[in-house]
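I opened this notebook to keep track of what I looked up, beginning with the backbone and ending with the sheet.

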Amino acid sequence: MPAASATNPALRDSAFLRAARSEPTPYTPVWFMRQAGRSLPEYLKIREGTTMLESCMRPELVVEITMQPVRRYGVDAAIFFSDIVLPLKAVGVDLEIEPGVGPVVAEPVRTLADVEAIPDLTPEHVPFITEAVQGLVGELGNTPLIGFAGAPFTVASYLVEGGPSKEHAQTKALMFGAPDVWDALMRKISGIAAAYLEVQVDAGASAVQLFDSWAGAVTRDDYGTYVQPWSAEVLSRIGETGVPRIHFGVGTGEILDLMGEAGADVVGVDWRVPLSAGIERAGGRAVQGNLDPTLVFAPTEVMLERARQVLDAGAAAPGHIFNLGHGVIPSTDPDQLARLTAFVQEHSAR
Ligand code: CP3
């Protein structure tokens, strides 16, 4: 099945997909990373008694959780509810997502043999993803669904460290000290990420986002040598499907140009970088971002004034998708996001 946007003209012409292709839009489209999840009471309720990874493998739950913020906020795109480690779980890597901690891998990957023991991903590993995406595309109608995967560096960090890490020290030690193992690991994870995104696009996702959340942990030179080529490989494979590709990371001010050159249609800008600078570094590509996620805790008028500044800066880009500069913080008041969504859509109307 082709991307739903290929057969549905209203979807193809949605503000989100137009902005992602750097085409003029009637207003600036808005969605939020982590819009589905812990900030929503309806999410906490439906998740009761089910582990995170179990819920990702139950299509009816994935559909409902993905739809919750779309109904509540009227955002311009849905983000598929899952996690970046789900495809690893699906091919058989022994890992869990521990509440309050994050992904924990039973046996960290450090050697060539460890890498070779990880199977490549085929669509048969993830029938529940195909089913969930197909269900969502039916429910969403003219609202685009964004599929996603973790980028090779960020996923490698969980595999090598065995869990969440601030310094990514073991990961970078492997990168610097065992380039052959590093290459094998990155080739393995790139292949899994690309195959996993292809499954989502084949089932009807009309855009994808590659999350390289921890790419800001490496120097610009090391990014270019050890990280960017593998993300480029994933983005190039998805380019063949024709859907727009968003490339996002945190703390990436020094590498935004390289993230664009990796093959993105849209460069995700975190909140530390002034959006005007992000637009320049994105080199003629569309941008996504970048309100500081903590501004939702400020008085509404302060939040909206800062959102107005982001919209004004975004007007200079060939395409601008409004978002926060990273995911929604769990203690966020959903009513603030509702006000923010309405403000972005109304204030930017042209
Ligand atoms: O709201 C929720 O967080 C609910 C469910 C949940 C997700 N991941 C969904 C998810 C939970 C509990 C996790 C675990 C997890 N995995 C964490 C959080 C640890 C914690 O409990 O505080 C983290 C950091 C991971 C690893 C991970 N997952 C990364 C680095 C990313 C990339 C995005 C980012 O935040 O930097 C993900 C993607 C992810 N996990 C999404 C969702 C819904 C992405 C899609 C989206 O934007 O909604």
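Where is the place of R34? Working in what is a predicted model, I found R34 in the loop between α3 and α4. I looked up its backbone as well, and the phi of R34 is near 60 degrees, a positive value in a residue other than glycine.

I then turned to S22, which lies in the loop between α3 (15-20) and α4 (41-47), and noted that its phi, too, is positive and near 60 degrees, although S22 is not a glycine. Most residues other than glycine have a negative phi, and most peptide bonds are trans. For the surface of S22 I wrote down a relative accessibility of 29%, so S22 counts as partly exposed, given that this class runs from 20% to 50%.

My next entry concerns a peptide bond: G289 and N290 are joined in the cis form, with omega at about -5 degrees, and N290 belongs to strand β8, which covers residues 286-291.

Last, I traced the sheet, which is open, is built from seven strands with parallel pairing, and follows the order β1-β4-β5-β6-β7-β8-β9. The edges are taken by β1 (78-79) and β9 (320-324), and each has a single partner strand, so one side of each is left without a neighbour in the sheet. Within this order I checked one pair in detail: β4 (residues 145-150) runs parallel to β5 (residues 207-212), and five bridges connect them. In that pairing I recorded that G147 stands opposite V208 of β5.

Key:
Residues are numbered from 1 along each chain as its sequence is written. This is a predicted model: local features need pLDDT of at least 70, side-chain atom pairs count only at pLDDT 80 or more; totals for chains, interfaces and linings use all residues. Side-chain values use heavy atoms; hydrogens and water are left out. Two strands pair if DSSP finds at least two bridges between them. Helices (H or I, at least four residues) and strands (E, at least two) are DSSP runs, numbered from the N terminus. Buried means under 20% relative accessible area, exposed over 50%, partly exposed in between (1.4 Å probe, protein chains only).
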